[in-house]
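Morning, everyone. Please pull up the model on your screens. I'll go from strands to salt bridges to the ligand.

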Amino acid sequence: VTTAWCFVDLSFPPGFKFGVASSAYQVEGAWNISDKSESIWDHFSHTHPERIAGAAHGDVACDSYRHWKRDIQMVHELGVHFYRFSISWPRLMPTGFPNYISEDGKQYYNKLIDGLLAKGIQPLVTMYHWDLPQRLQELGGWTNPLVTDWFLDYARTVFSLYGDRVKTWITINEPLVMCEMSYNDGSMAPGIISPEVGTYLCNKHTLLAHAKAWRLYDNEFRHKYHGEISLVNHMFWYEAVMSGEEEITELAQENSAGRYSHPIFSKEGGWPSSIVDALALNSKRQGYPKSNFPSLTKEEIELMKGTYDFYAMNHYTSRQVRKSKGGEKFGSWPINDGPDLDIKLSAHHSWARTAASWFYVNPPGIRKQLVWLRKHYGNLKFIIAENGYPSSGGKHDPDRIAYLHDNLEQILLAIQEDGVNVTAYTVWSLMDNFEWMDGYKTKFGLFEVDFNSPERKRTPRASAHYYRKVIKAHSLDVPRPHYRPEPSSS
Ligand code: GBH
């Protein structure tokens, strides 16, 4: 990888867009306000407090249900072009089905969308960021094939209500992460451990649900609203420890990026063949008479193929990959309790650690991942839908600033040196929020949130000021702020 000094230009291409992100369960609170029903995260956090750091939950979170005006003001202060947030399915459709639409839920998102547009900020709306109505979970959730039609009904509702104003849609946030953590290791809601069956049903059904929603938009809404829609995939960049082990590294990529991209973005569609083979072998080893990895019919392959308008990627960190030596456990997520792919993961000693145990800093990974995606699926329109840095608190956050700078620099290199068509970048997150199993311990916010104050006071960090300058200059050629160490609180 070339370094910064060979830059021609530190500015971003004209038309390159900057944004900032959040998600409903992580910020909204108001979990039982009005007619909202329980989501799987309400249920999980209330019934399994021991699974979440500090027994935390999102009952109040940042209280964005009440403080949405302040949120819009913050987004405006940053000067971003768009705000990525998600709609809570159980807030809008408390039964899970379109027989009943919550008036309060509907108005909440109307106010948010209209408030953003009034300030010239585009809403980028995620339809599903992991908060399934609990009632649908009781019917099997993402393992029930009917979920694809339940999601389709939900999609029709949100397109009908908001499609006149929302021009960029994300169907599902990180289906890989959600299927692995909900059904493989069971660490996320609904906390089911079914690595051999549940994970793969979820894999297939999330992709089919996405595809049906995309086709609905394409057939019935695109001609009037002219928007764009895709899903967002999360991936670690995988790097071979030793040369000669590129094949196993490629298998790790196909297991994470490929399993959720190939059916939609590749020319031929369907699962990546290396994964079909590896998982068939794995099922055999586990004593099953046939592969547990669900096959796809010709119709399903056609249904999924080409259902995108852009490629959205969430990217944070990297792993090293090598072939595991006989009997060795596989290392870290998402190849831990899952299939035995004979892969061992680790982190390079030079990659700095962060406040989150899974997160090591390796900025070149984002560039290499973009190049990998382009090689496999073509030079699509790429958007970075999440990238950000976890700290343990404090308003002076030089580490976060360095991370944002270094990742943006790698994105510029991908654009200028490699010719990858990256068109947008999104920081996770607008503000500190409920960080799933980490509770409120790890902080990703450009704005700090005081969770002890009744109004959930938000204060910009140094990184918020830095990001504002980058956006305003449309360039990385801006001074980084000076830091004074925060006075110790003792
Ligand atoms: C994103 O997921 C989410 O979209 C967002 O909601 C979240 O707040 C944000 O990132 C920051 O975490 O090695 O078993 O400890 C990121 C994807 C994938 C993060 C797997 C943590 C490691 C689990 N994640 N993961 S483990």
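First, a term: two strands pair if DSSP finds at least two bridges between them. Strands (E, at least two residues) and helices (H or I, at least four) are DSSP runs, numbered from the N terminus. Residues are numbered from 1 along each chain as its sequence is written. This is a predicted model, so to speak of local features we need pLDDT of at least 70, and side-chain atom pairs count only at pLDDT 80 or more, while totals for chains, interfaces and linings use all residues, and side-chain values use heavy atoms, with hydrogens and water left out.

Now the strands. Strand β3 covers residues 122-128. Four bridges join β3 to strand β4, residues 168-173, and the two run parallel. Within that pairing, V125 has W169 of β4 as its bridge partner. Strand β2, residues 82-86, also pairs with β3 in the parallel sense, over five bridges. There, S86 is matched with T126 of β3.

Is β3 covered or open? Mostly covered: six of its seven residues are buried. Buried means under 20% relative accessible area, exposed means over 50%, and partly exposed is in between, using a 1.4 Å probe and protein chains only.

Next, the whole chain. The protein chain has 15 helices and 15 strands. Of its 490 residues, 61% count as buried. The C-alpha trace spans about 60 × 60 × 50 Å along its principal axes. With 490 residues, a compact globule would have a radius of gyration near 23 Å, and the 21 Å of this chain agrees. That radius is taken over C-alpha atoms, and the globule rule is 2.2 Å times the number of residues to the power 0.38.

On to charges. How many salt bridges does the structure hold? The count is 24. Here a salt bridge is a side-chain nitrogen of Lys or Arg within 4 Å of a carboxyl oxygen of Asp or Glu.

Take D114 and R165. Their closest N and O atoms are 2.9 Å apart. D114 sits in helix α5 (103-118) and R165 in the loop between α7 (147-162) and β4, so this pair ties together parts 51 residues apart in sequence. D114 is partly exposed at 38% relative accessibility. R165 is buried, at 18%.

Second pair: D149 and K212, also a salt bridge, 2.9 Å from N to O. D149 lies in helix α7 and K212 in helix α9 (198-225), so the link spans parts 63 residues apart in sequence. D149 is partly exposed at 33%. K212 is partly exposed at 22%.

Third pair: E302 and K305, 3.4 Å from N to O. E302 is partly exposed at 47%, and K305 is partly exposed at 26%. Salt bridges that share partners also join D114, D164 and R165 into one network.

Last stop, the ligand. Which residues are closest? Q26, H129, E174, E435 and W436, out of 16 that surround the ligand. A residue counts as near if one of its heavy atoms lies within 4 Å.

Now the polar contacts, meaning pairs of N or O atoms within 3.5 Å. H129 puts a polar side-chain atom 2.9 Å from a ligand oxygen. For W436, that distance to a ligand oxygen is 2.9 Å. For Y316, it is 3.3 Å. Taken alone, the ligand exposes 570 Å², and the protein buries 87% of that. Those areas come from the Shrake-Rupley method with a 1.4 Å probe.

Thanks. Over to you.

How values were computed. A polar contact is a pair of N or O atoms within 3.5 Å; within protein, one must be able to donate a hydrogen and the other to accept it, and residues adjacent in sequence count only if both atoms are side-chain atoms.
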